Amino acid sequence: MEMNPEVEEKTDKYSLVVLSCCFVLFFMMIGMVNSPSGLFIVPVSEHFGFSRSAFSLTISLSTLTCMVINLCYGKLYRYAGIKKMISAGFIAVVVGFLILSRAESLPVFYLGGILTGMGMGVGSSTTISILINSWFSTRQGLLLGVCSAGSGLGGFLFSRIFVDIIENQGYQQAYFLTAICLAIIAIPLIVLIKEKPREAIKLQKTTIQAPRMGYFAGFKKLLREKSSVRWTLIAAFTFGLIAHAVLVATPGHLQVNGLDPVFAGTIYGAVYFALAGTKILIGWVDDRFGTKAAAAACLISFALGTLMLIFCKTTGMAWAFVAVFSISVASQAVLAPLLAKNVLGKKSYREYLGMYVAAVTAGISLGVPIINVAYDIFGTYVPVMLIYIAIGIFVLIKLLPQLRSKAELAAANEERAIPAPAQGETTNKRVAFGK
C-alpha cells in the first residue's frame with residue numbers, strides 16, 4: 001500500500017530495525033512457541049497419565065485464543081496500538097510458559113495454553129504485515145515473506161533443541177527455558193519497535209479524522225458492499241482448510257503407499273524447512289507479478305502437489321512433492337495479508353487484516369479433523385484430497401476476477417495519495433474508514 005512520498009526518503013535506516021524486529025517476533029512467537037508444541041504431547045501425557053486427546057486440548061485452546069485475538073485485532077489496535085499489544089502479548093506468553101512448567105492438572109495446563117495463544121495472536125502475521133505496510137512503500141510482499149520465513153527457521157531450530165532437552169532434562173525445563181528466552185528477547189524488541197515513521201505520525205496529526213464507525217459494524221459494511229472482500233476472506237479460509245490438512249496427512253499417506261515411516265517423517269519435516277524459501281518466493285511473485293499470480297501459484301501448486309502425493313510411491317517423487325507442495329503451504333502465512341492488502345484501503349487494512357488471519361486459523365482448525373474423520377470412514381485420504389483439490393480450483397476461479405492487477409493498484413494508490421498541506425493551506429480531510 002501507499003506511503004506518503006515525503007515520508008519514504010526519511011525512513012530507510014530505521015525501517016531496517018523495524019524489519020529485523022518483525023523477523024525476530026515471528027522467529028520467537030511462532031517458531032519457538034507454536035511449532036514445537038506437538039513435542040510435549042507424549043511426555044506430558046505419560047508423566048501424568050493424561051490421555052493424549054485430553055492434553056492436546058491445551059494446543060487447541062491456544063489456537064482458538066489466537067484466532068479470537070485476530071478477530072478482535074483491529075479493535076485492540078484502535079485503542080492500544082501495536083507496541084502496547086506486543087508488550088501485553090509477551091507478558092501473557094511468558095506467564096503462560098511458567099504456568100506450563102509448573103502445572104500438574106489439566107485445567108492449569110489449559111490456562112497456560114490460553115495465555116500462550118494470546119501471545120501468538122499478537123505475534124501473528126497481522127502485526128508484522130501492519131508494520132511492513134507502515135514502514136515500506138515497495139517490496140512489501142517480499143519483505144513479508146522474509147519475515148514469515150522466521151517461523152519456519154525458528155520451528156526447525158527449536159524443535160531440535162527441545163527434543164534433546166525433553167529427553168535429557170524433562171519437559172518442565174523445556175517450558176521454563178522457553179519462558180526465559182521470551183522474557184530476555186521481549187525487552188529490546190519492545191524498546192526498538194516503532195509502529196510508524198515519525199514523519200507519518202506528524203502527518204496524521206495534521207489531518208482531520210472523520211468519526212469512526214464501530215469495528216464490527218464497519219466490517220459488516222465492507223462485506224455487504226464489496227464482493228472482493230467476501231471472496232478474499234473465503235479464499236483465506238480455504239487456504240487454511242485444504243493445505244494444512246493435506247500436509248498433516250502426508251506421513252500417513254506415504255506409509256500407506258509403501259514408503260518407510262522414517263522417510264515419511266523426513267518428507268513432512270522437509271516441507272516445513274522448504275517454507276523458509278517458498279514464503280519469500282510467494283512474496284516476490286506478488287511484488288513482481290501481482291496478487292493474482294501469487295494466489296494462482298499457491299492454489300495450482302496445491303492441486304499439483306496433492307495429485308503427486310496421491311500417486312507417490314518412490315523417494316524421488318516424494319522429494320518433488322516437497323518442492324511443489326511447500327509453495328501452497330506458504331499461503332497460510334503470506335497470502336492472506338496480500339489478499340487483504342489488494343482489496344482493502346490502508347485504514348481498513350490495518351483494522352481488518354486480523355479477520356483474514358483468523359479465517360486462515362479457522363480453516364486449519366476445521367480441515368484437519370475433516371480429513372482424519374474421512375480416513376476413518378473410507379480407510380484412505382484420497383477422496384478428501386480430491387475434494388479439496390476441487391474446492392481449491394473453484395475458489396481460485398471465483399477469486400481471480402475479484403483481485404486488482406498491479407496497474408490497477410498503482411492507479412488507486414496514486415489517486416489516494418494526499419500530500420501534506422503546505423503552511424497556511426486548509427487541511428485536507430481524511431476518512432478513517434478505508435475504501
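Q: What percentage of the 435 residues of the protein chain count as buried?
A: Keep in mind that this is a predicted model. A residue counts as buried when its relative accessible area is under 20%. Across the 435 residues of the protein chain, the share that passes is 52%.

Q: Is C298 buried or exposed?
A: The cut-off for buried is under 20% relative accessible area. C298 has a relative accessible area of 1%, so this cysteine is buried.

Q: And what about C66, buried or exposed?
A: Same approach here: look at the relative accessible area and hold it against the under 20% cut-off. For C66 the value is 11%, so C66 counts as buried.

Q: How many disulfides does the count come to?
A: A disulfide is a covalent bond between the sulfur atoms of two cysteines. To be counted here, a pair of cysteine sulfur atoms has to sit within 2.5 Å. By this rule the count comes to zero.

Q: Where does V42 sit, and does it count as buried, exposed or partly exposed?
A: V42 belongs to helix 3, which covers residues 41–48. Its relative accessibility is 30%, and partly exposed is the range between the 20% and 50% cut-offs. So V42, in helix 3, counts as partly exposed.

Q: What distance separates the C-alpha atoms of V42 and Y171?
A: Along the chain, V42 and Y171 are 129 residues apart. In space, their C-alpha atoms are separated by 10.0 Å.

Q: How many helices and strands does the protein chain have?
A: Helix 3, the one with V42, is one of the helices. The secondary structure of the protein chain comes to 20 helices and two strands.

Terms used
Residues numbered from 1 in each chain as written. Predicted model: local features only at pLDDT ≥ 70, side-chain atom pairs only at ≥ 80, totals over all residues. Heavy atoms only, no water. Buried < 20%, exposed > 50% of the residue type's maximum accessible area, 1.4 Å probe, protein only. Helix = DSSP H or I, 4+ residues; strand = E, 2+ residues; numbered from the N terminus.
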